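Me: I am new to reading protein models. Could you take me through one, feature by feature?

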Amino acid sequence: MPDADPRLDPGRWAAASFRARGAPSPSPPRPRRGFWRRLGGCCGGCGCCRRGAEDWEPPPGEVPGRRPPQPLRPGLLAPRGLVLGSPGDRAAHRTADFAGPRLVARRGQAFGLRVLLPRPWDPAGDRLCVELTLGPTPQVAKGTHVLIPLGETSPTGWTAEEEEGGEEEEGAGPADGPALRLRLAAPPDAPIGRYRLSVKTRTAAGEYAAPFDDANDLFLLFNPWCPDDLVYMENTSDLDEYVLNETGRIFYGTEAQIAERSWNYGQFDPGVLEACLYMLDRRGMPHGARGDPIMVSRVVSAMVNSLDDNGVLVGNWTGDYSQGTNPSAWAGSVDILRAYHGSGAPVRYGQCWVFAGVMTTVLRCLGLPTRTVTNYNSAHDTDVSLTTDIYFDENMRPLERLNTDSVWNFHVWNDCWMKRPDLPSGYDGWQVLDATPQETSSGLFCCGPCSVTAVKNGEVFLKYDTPFVFAEVNSDKVYWQRQPGGGFAVVHVEEGAIGRRISTLGAGSAARLDVTSQYKHPEGSEEERQAVATATSHGSRARAGRAEGAPAAGEVTVTVEAGPAVAGAELQLRVAARNAGAEPRTLRLHLALAPVRYTGVAGAPIRQEQHRRVLPPGQGDTVTMAVAYSEYGPHVGDQDALKLTVAGTVQETGQVVAKELRVRLTAPDLTLTLLGPAVVGQETQVQAVFQNPLPEPLKGAVFRMEGAGLSCPKPLAVGPVAAGGALRLRQPLVPLRPGRRRLVAALESPRLGPLHGALLLDVAPATGSTGSTGSAGSAAPDARRRRRRRPARAGSTGG
């Protein structure tokens with residue numbers, strides 16, 4: 001009976017499902033561990049013990065990766081040391097920007113290994129096996145214990161080949177002398193993570209197993225440049241943005257008032273890669289499952305928030321951030337990830353754009369193409385009805401206690417690019433991942449990966465979490481009115497109000513890219529209505545009909561708009577009603593203005609008004625509302641907006657009209673100026689300038705800066721800024737890496753929305769330096785020469 005496929009073993013992480021990629025092949029018989037096997041082999045060349053990787057397995061009782069030092073007997077071949085990486089490897093693997101001495105490689109692509117020997121290599125009598133381990137309990141069956149005999153392919157798919165002319169001659173340096181130069185390559189489905197590496201040698205005198213040394217550890221990542229990797233992206237030029245770009249812009253605000261803020265992803269900064277792998281360890285994800293981007297991204301989605309598993313960030317939407325950091329104050333992901341890795345405790349606090357920014361950092365760091373996406377008028381469906389339901393009383397006043405569904409002004413999540421072999425064909429490409437804890441998925445606060453194609457077509461029966469994402473971008477707003485008998489009936493359906501101007505940063509440009517067409521068919525089209533019908537047929541309740549006697553379309557229309565909305569200034573709101581019929585109509589309107597958090601949770605109304613207007617045939621009328629800062633200011637926090645709800649009825653026909661308008665109060669940006677030259681290792685000064693727009697002093701502000709490849713000072717508390725006054729700050733800055741760098745700054749305060757600024761710096765190398773360690777340059781010609789000498793490995797496009 002054939003052995004069970006080990007990939008079907010759930011391991012310690014029972015929620016995972018591992019799919020067999022094909023029929024399991026019968027395992028060859030295990031060699032007998034006899035007298036000569038215990039001695040390490042009978043000879044160097046007779047061939048009786050050349051049985052592949054199984055012949056190199058450790059003796060019983062030895063834990064792979066943790067063997068004790070071995071006594072050196074005469075005749076054994078004990079390497080003097082190992083040197084990981086060849087010139088040009090970091091540039092070829094696109095990992096040159098990772099800080100730290102250890103090699104960072106990508107799977108499906110070869111990298112170099114020099115084995116320093118005490119004597120020249122004897123091809124006739126010497127044998128060698130490269131050994132790698134991943135995790136605390138490595139196993140060959142799970143791909144976490146790798147044995148690669150020289151010139152062979154291991155059962156795990158790894159290869160080790162000798163380079164042409166791979167034997168080096170004597171030299172004067174400590175790394176010179178006899179050496180064997182190898183090229184190692186991991187299969188394109190190998191588990192990612194930090195591998196320990198050593199070698200074993202055999203001669204006629206026996207076997208020598210070199211001890212494992214932390215200095216020889218290497219990091220293995222996903223490879224979106226490799227066609228055989230599940231995360232491969234055909235348009236590789238886009239990977240400059242979706243994997244390699246260390247800074248970006250995150251959009252926020254409202255549909256009519258789109259704003260943006262710079263964010264420092266910093267995926268190559270010191271400590272970030274270690275923090276990303278720590279997240280997988282903290283969740284208890286089996287190391288053997290870490291080759292599957294579907295499962296890795298799902299775990300990351302769960303671990304970025306702190307619910308269930310003490311993940312990275314604590315969410316807070318209360319407005320009270322006294323026990324941590326205001327989410328608006330963060331300028332990037334690096335400080336957050338370092339703090340979490342250093343303490344092991346969740347960092348306080350985050351909201352959706354912070355969760356998404358950290359998610360982008362982690363996934364790009366691990367090698368998954370990722371973009372940060374903002375959805376305006378984003379629905380939160382709480383009952384899986386796949387509609388957004390809004391309830392009113394008999395007089396069309398909102399019943400907020402029943403409005404458990406909400407419409408966020410904006411919501412930020414991530415798209416990650418990968419193939420989906422767990423779904424039918426046609427669902428590869430962008431997949432939605434949302435780390436903001438809103439609803440549980442299989443008992444955990446995570447979301448995705450969910451195929452964007454499935455969302456577009458309303459195929460909510462496909463995993464993962466497609467119903468929730470569909471409702472966010474394409475649910476209808478259904479207005480319910482309480483009837484005399486106490487029940488509720490649909491009085492108005494607003495199509496096309498949810499999922500507006502879905503935005504991300506375009507690859508290869510600094511402009512906003514509208515990706516709404518990737519998420520949904522054109523509003524009102526036959527395809528879009530069919531997608532909605534398909535989705536709602538799988539909802540928790542059947543699609544409700546309208547109230548008896550309510551017209552499907554009305555003669556009276558209502559539009560709502562606002563004048564310039566500047567924090568500290570008077571706000572002008574206008575409601576325009578028009579009668580398109582042939583008879584006069586009497587319209588009774590109810591207006592309610594209330595503060596609303598960006599999550600759609602409304603506060604108590606600031607002002608309510610009743611209006612009656614008679615509309616002649618073919619004509620209209622306008623209702624205006626002027627609101628002073630003294631009236632709205634005390635109720636609006638740093639991420640709040642104002643929501644005007646308009647509802648009314650036509651007296652003659654019973655037609656119901658309803659509209660909502662959300663207004664974000666804008667504030668001036670920070671202006672950043674570099675006051676001196678930017679040189680690696682040399683301190684320079686940056687000046688920040690801000691004008692307070694409020695008619696009162698600004699108190700309790702905190703200023704912080706962050707940038708990839710830049711050393712920035714700690715957050716600075718800023719004293720009161722006078723009403724209408726200017727703030728000028730000077731802060732020190734030390735560049736750590738040459739090239740173009742982006743500095744991101746944020747000023748957080750209780751009474752203003754988020755204030756941001758960004759500055760591009762061209763950092764010069766330190767005197768006498770030619771650039772960053774391990775980058776292209778002198779290393780690149782060597783890599784090109786090597787590619788000409790040897791044919792490229794199949795599926796390795798980055799070598």
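Reply: We can start with one residue and its surroundings. Leaving out residues up to four places away in sequence, A435 touches S301, V304, N305, F355 and M359.

Me: Where does A435 sit along the chain?

Reply: A435 lies in the loop between strand 18 and strand 19 (450–451). The C-alpha atoms of A435 and A356 are separated by 6.6 Å, although the two residues are 79 residues apart along the chain.

Me: Is A435 buried or exposed?

Reply: A435 is buried, because its relative accessibility is 3% and the cut-off for buried is under 20%.

Me: How much of this should I trust?

Reply: This is a predicted model, so confidence comes into the reading. Where pLDDT is low, the predicted coordinates should not be read in detail. Here the chain has a mean pLDDT of 85, and 85% of its residues reach 70 or more. Over residues 544–552, however, the pLDDT is below 50, and this stretch has 13 contacts in the model beyond near neighbours in sequence. Residues 1–50 also stay under 50, with 78 contacts beyond four places in sequence.

Me: How should I read a helix, and which residues of helix 5 are buried?

Reply: An α-helix has 3.6 residues a turn, so residues three or four places apart point the same way. Helix 5 (residues 293–303) is mostly covered, with 11 of its 11 residues buried. The buried residues are P293, I294, M295, V296, S297, R298, V299, V300, S301, A302 and M303.

Me: What do the buried residues of helix 5 pack against?

Reply: They pack against three helices and two strands: helix 4 (272–283), helix 6 (334–343), helix 7 (352–366), strand 17 (406–418) and strand 18 (429–433). At the start of helix 5, a side-chain oxygen of D292 comes to within 3.0 Å of the backbone nitrogen of I294.

Me: How do I read a sheet?

Reply: Strands of a sheet pair through backbone hydrogen bonds, either parallel or antiparallel. One open sheet here has four strands in the order 35-33-37-38, with antiparallel pairing. Its edge strands are strand 35 (716–718) and strand 38, each of which pairs on one side only. From one strand to the next, the twist averages 25°.

Me: How many bridges join strand 33 and strand 35?

Reply: Three bridges join strand 33 and strand 35 in the antiparallel sense. V702 has A717 in strand 35 as its bridge partner. Strand 33 (residues 701–706) also pairs with strand 37, over five antiparallel bridges, and E706 stands opposite V744 in strand 37.

Me: What about strand 37 and strand 38?

Reply: Strand 37 and strand 38 (residues 755–763) pair in the antiparallel sense over nine bridges, with L747 opposite L755 in strand 38. The two strands form a hairpin with six residues between them. Strand 37 (residues 739–748) is largely enclosed by the rest of the structure, because eight of its 10 residues are buried.

Me: How many disulfides are there?

Reply: A disulfide is a covalent bond between the sulfur atoms of two cysteines. The count in this model is zero.

Me: Why does C446 not form one?

Reply: The closest cysteine sulfur to that of C446 is in C447, and at 7.5 Å it is too far for a bond. C446 counts as buried because its relative accessibility is 5%. C129 is also buried, at 0% relative accessibility.

How values were computed: Residues are numbered from 1 along each chain as its sequence is written. This is a predicted model: local features need pLDDT of at least 70, side-chain atom pairs count only at pLDDT 80 or more; totals for chains, interfaces and linings use all residues. Side-chain values use heavy atoms; hydrogens and water are left out. A disulfide is a pair of cysteine sulfur atoms within 2.5 Å. Buried means under 20% relative accessible area, exposed over 50%, partly exposed in between (1.4 Å probe, protein chains only). Contact means heavy atoms within 4.5 Å. A polar contact is a pair of N or O atoms within 3.5 Å; within protein, one must be able to donate a hydrogen and the other to accept it, and residues adjacent in sequence count only if both atoms are side-chain atoms. pLDDT is the predictor's confidence in each residue, from 0 to 100. Two strands pair if DSSP finds at least two bridges between them. Axes are lines fitted to C-alpha atoms, for helices over the stretch in contact, and angles run from 0 to 180 degrees between N-to-C directions.
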